[in-house]
Amino acid sequence: MRIVIAGGHGQIALRLERLLAARGDEVAGIIRRAEQADDLRAAGAEPIVCDLESASVEEIAAHLEGADAAIFAAGAGPGSGAARKYTVDRDAAIKFADAAERAGVRRFIIVSSMGADPEHPGDEVFDVYLRAKGEADAYVRAHKSLDWTILRPGSLTNDAGKGLVRLEAHTGRGTIPRDDVAAVLAELVDTPATAGLTLELISGSTPVSVAVKSVAGN
């Protein structure tokens, strides 16, 4: 498969790129800054320099031509203000979905957040983030031409992954190592039967492959 990842230099994306490249997939990561390219190459991924905030849908679609799957793993990051929660976490995700549709890429996965909700109340930056993610999720769900899956991890940690998770429509609050999020994404992209599902993810007791097969109905 050829898989293109938005937010290719993110902590989850770099882990995912290593996993996909190691199993023989052709993987490309979209990055904002050219100086990030060597990190992607080290992970086995082709770097694509494209600022999703300023690029047009047509420009993004050109980078998605020929891909079998698209994964949105970009984010404004914890140090950003409320405005970039909208321009990256919402608007860039919307453009990426539109670009996937235009490029004919059906398999689409978006890394969201537990608690994402377009109606989430509050004025703190994290409240804005949850609204922005919720609005992006709602937009992706409305795309009939995409075989979408929405993944909503709990609180992310840099602990070593154990490969044991809880993956369900509703898990309740919890933590999850970024290693395990990447492992679940690698399984999801290969499991089209998870299309149309919004899934929460925390650490648990089920091996990743078993957890994904279970939600896929296998």
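Select Glu-135 first and show what surrounds it: leaving out residues up to four places away in sequence, Glu-135 touches Tyr-86, Arg-90 and Pro-118. Keep in mind throughout the tour that this is a predicted model. Glu-135 lies in helix 5, and at 24% relative accessibility it counts as partly exposed, because the partly exposed class runs between 20% and 50%. Now add Asp-91 to the selection and draw a line between the two C-alpha atoms: Glu-135 and Asp-91 are 44 residues apart along the chain, yet the line should read 9.1 Å.

**Along helix 5**

Stay with this helix, which covers residues 125-141, and select Phe-126 and Tyr-129, which are 3 residues apart and therefore separated by about one helical turn. How are the two rings of Phe-126 and Tyr-129 placed relative to each other? Their centres are 5.5 Å apart and their planes meet at 25°, so this pair is classed as stacked. Colour Tyr-129 by accessibility as well, and you will find it at 17%, a value that counts as buried, since the cut-off for buried is under 20%.

**The other aromatic rings**

By the rule used here, the count comes to 3 aromatic pairs. Select next Phe-72 and Phe-96, whose ring centres lie 5.9 Å apart with planes at 50°, so that this pair is tilted. Phe-72 belongs to strand 4 (residues 69-72) and Phe-96 to helix 4 (residues 82-103), so the pair ties together parts that are 24 residues apart in sequence. Both Phe-72 and Phe-96 are buried, and if you add Phe-108 to the selection you have one aromatic cluster made of Phe-72, Phe-96 and Phe-108.

**A buried arginine**

Move on to Arg-152, whose place is in strand 6 (residues 147-153). Is Arg-152 buried or exposed? With a relative accessible area of 11%, Arg-152 is buried. Display its contacts, not counting residues up to four places away in sequence, and you will see a list that includes Ser-112, Ser-113, Met-114 and Ala-116, together with Asp-137 and Arg-141. Also among the residues that Arg-152 touches are Thr-198, Leu-199, Glu-200 and Leu-201.

**From there to Glu-168**

Leave Leu-199 and Glu-200 on the screen, for, leaving aside its neighbours within four places in sequence, Glu-168 is in contact with these two residues. Glu-168 lies in strand 8 (residues 164-168), and at 32% relative accessibility it counts as partly exposed. If you also select Lys-133, which is 35 residues away from Glu-168 along the chain, the two C-alpha atoms should be separated by 19 Å.

**His-63 and Val-49**

Select His-63, which is found in helix 3 (residues 57-64) and counts as partly exposed at 28% relative accessibility. Which residues is His-63 in contact with, leaving aside its neighbours within four places in sequence? They are Val-4, Ile-48, Val-49 and Cys-50. For Ile-48, which stands 15 residues from His-63 along the chain, the C-alpha atoms are separated by 7.7 Å.

Follow the contact from His-63 to Val-49, whose place is in strand 3 (residues 46-49). Val-49 is partly exposed, with a relative accessible area of 47%. Besides His-63, its contacts are Ile-31, Arg-32 and Ala-34, again leaving aside the neighbours within four places in sequence. To return towards the start of helix 5, add Val-125: Val-49 and Val-125 are 76 residues apart in sequence and 28 Å apart in space, C-alpha to C-alpha.

**Zooming out**

Finally, show the chain as a cartoon, in which there are 7 helices and 11 strands. The radius of gyration is 16 Å, close to the 17 Å that the globule rule gives for 218 residues, so the chain is as compact as a globular protein of that length. Along its principal axes the C-alpha trace spans about 45 × 40 × 35 Å. If you colour the chain by accessibility, buried residues make up 50% of the 218 residues, and when you switch to a surface, the chain exposes about 9300 Å², of which carbon and sulfur atoms supply 50%. Among contacts with a separation of 6 or more, residues 24 or more positions apart account for 66%. As a last selection, mark the 24 positive and 32 negative charges, whose mean positions are 2 Å apart.

Conventions
Residues numbered from 1 in each chain as written. Predicted model: local features only at pLDDT ≥ 70, side-chain atom pairs only at ≥ 80, totals over all residues. Heavy atoms only, no water. Helix = DSSP H or I, 4+ residues; strand = E, 2+ residues; numbered from the N terminus. Rg over C-alpha atoms; globule rule 2.2 N^0.38 Å. Buried < 20%, exposed > 50% of the residue type's maximum accessible area, 1.4 Å probe, protein only. Contact = heavy atoms within 4.5 Å. Areas by Shrake-Rupley, 256 points an atom, 1.4 Å probe, with all protein chains shown as cover. Lys, Arg positive; Asp, Glu negative; His and termini not counted. Charge placed at Lys NZ, Arg CZ, Asp CG, Glu CD. Phe/Tyr/Trp six-rings, centres within 6.5 Å; stacked < 30°, edge-to-face > 60°.
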